[in-house]
Amino acid sequence: MDKSSRKALETSLQKKIESSFMKTVQRDKKVKNAYLLVNSKKGGIDLNIAEGQTKDIQANPKQAVHLASVGKLFTATIIGMLHDKGKLDFNDNIARFLDADLMNGLHIYQGKDYSAEITIRQLLMQTSGLNDVFFPLLKKIITDPSFKISVREAVQWGKVHLTPVGKPGDKHFYTDTNYYLLGLIIENITQKPFHKVVHEMIFEPLGMVNAYISCKSQPKVKATYPPASLYILNVDCIDNKRMAEIDYAGGSVVAPLDEYLIFMKALVNHQLVKAETLIKMVNDDVAMGFPTIGFAYGYSIWKPKTIPLLLPKELFCWGCVGVSGAFMFYHPQSESYVIGSFNDDSYAAKALRFMLAKVIKPIAQAQ
């Protein structure tokens, strides 16, 4: 294929992806605003678009976007960086880094205390057996304006009100509780608040000047536009300080999509963790259960399982997902990065399908 034909194909592909995105947003009344960035070296695509209304203005790609649990990959990356510095081992028991008050009665399952058996690796892979405190507490925050709770108090609340779902290492169960504990481990090792660590270890070295931690810090450069609205349980949670307390290391990064791209490129190209560490983060995985059957989960990293005809190996990609219909993925075959959000929890599953079918697949087929 000559250069002009190749350029025409790339232009057509970019227009096709843009059109699919716009139509998807416009026909779904639940989606009030949405954002999509596609950066493909081999596909010749450089797309950064927004659609809808937010904060009484037209959605703009320069807005900072809260990608919900996509922030977990920042937490896992910091753990990987501390691993590379010799500050921890993935197989370390978490009791080495957490105080006795927090550890006491943390994991009692069927009458036996498994607290001392939980490892950092199990927190990363969501196999600790601990239950999830985030959504029960989020409902309390939304329904009761006077209710507030810190992340430590949230973990303690879970001991009293929730029951573990299994023994450590037995199965995958997605929970923010695991990432709260990772955040507290990071604070213990660095002796700094989690939000400061994210700025010092990731945002500042990478020049992510518009990135910040929700309600905990400010971007280095003041934003021109307000952050995009984020709807969970039909409530705009973007500036909810009480929610931010329990967002924490489970997903509190807010940044324009082009700065998430900076982070993702740095991770893929081993500027943050060593090559062997990234390989472990991606490939040391476990099968996810209902409703995410068909995915494997590494260290905060999701991977769709390749299935002949349905999902061929050419579509293999890896990345992270947020409950708000957010995603941040890398497609190795085409060296493509796909980042975006539909900013509504009704789109959690639909967003993944859109990303795979309307972005990754056409890019892969064009190679």
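Is Asn343 buried or exposed? In this predicted model, Asn343 has a relative accessibility of 2% and therefore counts as buried, the limit for that class being under 20%. Asn343 is situated in the loop that connects strand E16 (336-341) with helix H12 (348-365), and its phi is positive, at about 55°, although the residue is not a glycine. Most residues other than glycine have a negative phi. A positive value is also found at Asn234, a residue other than glycine whose phi is near 65°. Asn234 belongs to the loop between strand E8 (231-232) and strand E9 (235-236), and with a relative accessible area of 59% it is exposed, because the exposed class begins over 50%.

A further positive phi, near 80°, is taken by Gly325 in the hairpin of E14 and E15, where 3 residues lie between the strands. The two strands of this hairpin, E14 (residues 318-322) and E15 (residues 326-331), run antiparallel and are joined by 5 bridges; in one of these pairings, Gly319 has Phe329 of E15 as its bridge partner. Strand E14 is mostly covered, with 5 of its 5 residues buried.

Elsewhere, an open sheet is formed by 3 strands in the order E4-E10-E7, with antiparallel pairing. Strand E4 (65-66) and strand E7 (212-213) occupy the edges of this sheet, and because each has a single partner strand, one side of each is left without a neighbour in the sheet. The pairing of E7 with strand E10 (residues 253-255) is antiparallel and extends over 2 bridges, and Tyr212 has Val254 in E10 as its bridge partner. Helix H10 (residues 257-268) packs on the sheet, where it touches both E4 and E10, and the direction of H10 makes about 120° with that of E10.

Tyr212 also contributes to the second largest pocket, as one of the lining residues that lie nearest the pocket centre, together with Ala64, Pro219, Ala223 and Tyr225. The second largest pocket contains about 400 Å³ of space and is lined by 22 residues in total. When the lining is divided by class, 11 residues are nonpolar, 6 are polar and 5 are charged.

Among the helices, H6 (residues 151-161) has as its buried residues Val151, Ala154, Val155, Trp157, Gly158 and Lys159. The elements that cover these buried residues of H6 include helix H3 (100-103) and helix H5 (134-143), as well as helix H7 (176-190) and helix H9 (241-247).

Helix H4 (residues 120-125) contains Ile120, which counts as buried because its relative accessibility is 0%, below the limit of 20%. When residues up to four places away in sequence are not counted, Ile120 touches Ile79, Leu88, Asp89, Phe90, Asp92, Ile94, Phe97, Leu182 and Ile185. For one of these contacts, that with Phe97, the separation from Ile120 is 23 residues in sequence and 9.8 Å in space, C-alpha to C-alpha.

Note on methods
Residues numbered from 1 in each chain as written. Predicted model: local features only at pLDDT ≥ 70, side-chain atom pairs only at ≥ 80, totals over all residues. Heavy atoms only, no water. Buried < 20%, exposed > 50% of the residue type's maximum accessible area, 1.4 Å probe, protein only. Helix = DSSP H or I, 4+ residues; strand = E, 2+ residues; numbered from the N terminus. Contact = heavy atoms within 4.5 Å. Pairing = 2+ DSSP bridges. Axes fitted to C-alpha atoms, helices over the stretch in contact; angles between N-to-C directions. 1 Å grid on protein atoms, 1.4 Å probe; cavity = no way out; pocket = protein on both sides within 12 Å on 5 of 7 lines; lining within 4 Å. Points joined across faces, edges and corners; volume = space filled by probe spheres on them. Nonpolar A, V, L, I, M, F, W, Y, C, P; charged D, E, K, R; others polar.
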